[in-house]
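Here is a short report on one protein chain. Look at the sequence and the 3D view, then read on.

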Amino acid sequence: YYDANLEKNALLIRTDSALGSGKQLFVYFYGQDEFMVGGIVIRFGKTLEYRLWVCSTFYTVFPTTPSTATEKLWIITIDRTAGVRLIVHCNGEEVLNTVISAKTCNWRNWNHWTKKIEKILFRPSWDTASDYYELEPLPSKVTHIWCKYDGMYLSGYSRGVHNYSSLSQAETQCSTRNDCGGVTYEPYTGYYTLRRGTDLRKSPSKEISWKKCPNIIPY
């Protein structure tokens, strides 16, 4: 379980799964004492479909078609100003905004959703699409997503400290530097490194790089 107060935070989840891969994003929501509140499943079949755990027993196509880009940033928020409303954005566009109630759910325990969400859980055996998650205080101020490039590197290190043990640390620091064009992971050192270069180059050592995607998230 991970502490995740979704009453005060947006849940950001990054995926890079292709349509038709059969992978799925699967996250449970829990309240106090590990009481299951609900959850969401997003399935990468021929089309993108979702299912609300402890609400629906079937999958539904998103009312607004999510981005066709392989790299996706999902932003999940809960709104309780009038009942319980689940809102999902994908790469900056709202793709789901639904009320959770007896009328919209066919699960008899749907009212579990009325409990406060304080923890989340990803099950590795079922959640095969999520690459990374983080919490963003509401209202979210996320302005960029990062695109991943396997087998590519960016040239030159940024000035100062440039080695970080996690991708999130490196991306955060890169966003504050004027001389940082992106992040390159070095499998031979285990570090995520800040790089000056902006042009991607093929890596003979299977490095992985991330650059800010051009699409801005108006959230």
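A disulfide is a pair of cysteine sulfur atoms within 2.5 Å. In general, it is a covalent bond between the sulfur atoms of two cysteines. Keep in mind that this model is predicted.

**The disulfides**

By this rule the count comes to two disulfides. The table lists them.

| Disulfide | S to S distance |
|---|---|
| Cys-55 to Cys-105 | 2.0 Å |
| Cys-174 to Cys-180 | 2.1 Å |

Start with Cys-55 and Cys-105. Cys-55 sits in the loop between S5 and S6, and Cys-105 sits in the loop between S9 and strand S10 (119–122), so the pair ties together parts that are 50 residues apart in sequence. The torsion about their S-S bond is about -90 degrees, so this disulfide is left-handed. Are these two cysteines buried or exposed? Buried means under 20% relative accessible area. Cys-55 has 3% relative accessibility, so Cys-55 is buried. Cys-105 has 10%, so Cys-105 is buried too.

Now take Cys-174 and Cys-180. Here the torsion about the S-S bond is about -105 degrees, so this disulfide is left-handed. Both Cys-174 and Cys-180 are buried. Another cysteine, Cys-90, has a relative accessible area of 1% and is buried.

**The sheets**

The chain has one helix and 18 strands. One open sheet has six strands, in the order S1-S10-S3-S4-S5-S6, with antiparallel pairing. Its edge strands are S1 (2–3) and S6 (60–61), and each pairs on one side only. Strand S5 (residues 48–53) runs antiparallel to S6, and two bridges join them. Which residue of S6 is the bridge partner of Tyr-50? The partner is Thr-60.

Another open sheet has five strands, in the order S9-S8-S7-S2-S11, again with antiparallel pairing. At its edges lie S9 (93–99) and S11 (130–137), each pairing on one side only. Neighbouring strands of this sheet are turned by 20 degrees against each other on average, direction ignored. Strand S2 (residues 9–15) pairs with S11 through seven bridges, in the antiparallel sense. One bridge pairs Asn-9 with Pro-137 of S11.

**The whole chain**

How does the overall size look? For 219 residues, a compact globule would have a radius of gyration near 17 Å; this chain has 19 Å, which agrees. Its C-alpha atoms fill a box of roughly 55 × 35 × 30 Å along the principal axes. Buried residues make up 45% of the 219 residues. The chain exposes about 11300 Å², and carbon and sulfur atoms supply 50% of that area. Among contacts between residues at least 6 apart in sequence, 65% join residues at least 24 apart.

Conventions: Residues numbered from 1 in each chain as written. Predicted model: local features only at pLDDT ≥ 70, side-chain atom pairs only at ≥ 80, totals over all residues. Heavy atoms only, no water. Pairing = 2+ DSSP bridges. Helix = DSSP H or I, 4+ residues; strand = E, 2+ residues; numbered from the N terminus. Axes fitted to C-alpha atoms, helices over the stretch in contact; angles between N-to-C directions. Rg over C-alpha atoms; globule rule 2.2 N^0.38 Å. Buried < 20%, exposed > 50% of the residue type's maximum accessible area, 1.4 Å probe, protein only. Contact = heavy atoms within 4.5 Å. Areas by Shrake-Rupley, 256 points an atom, 1.4 Å probe, with all protein chains shown as cover.
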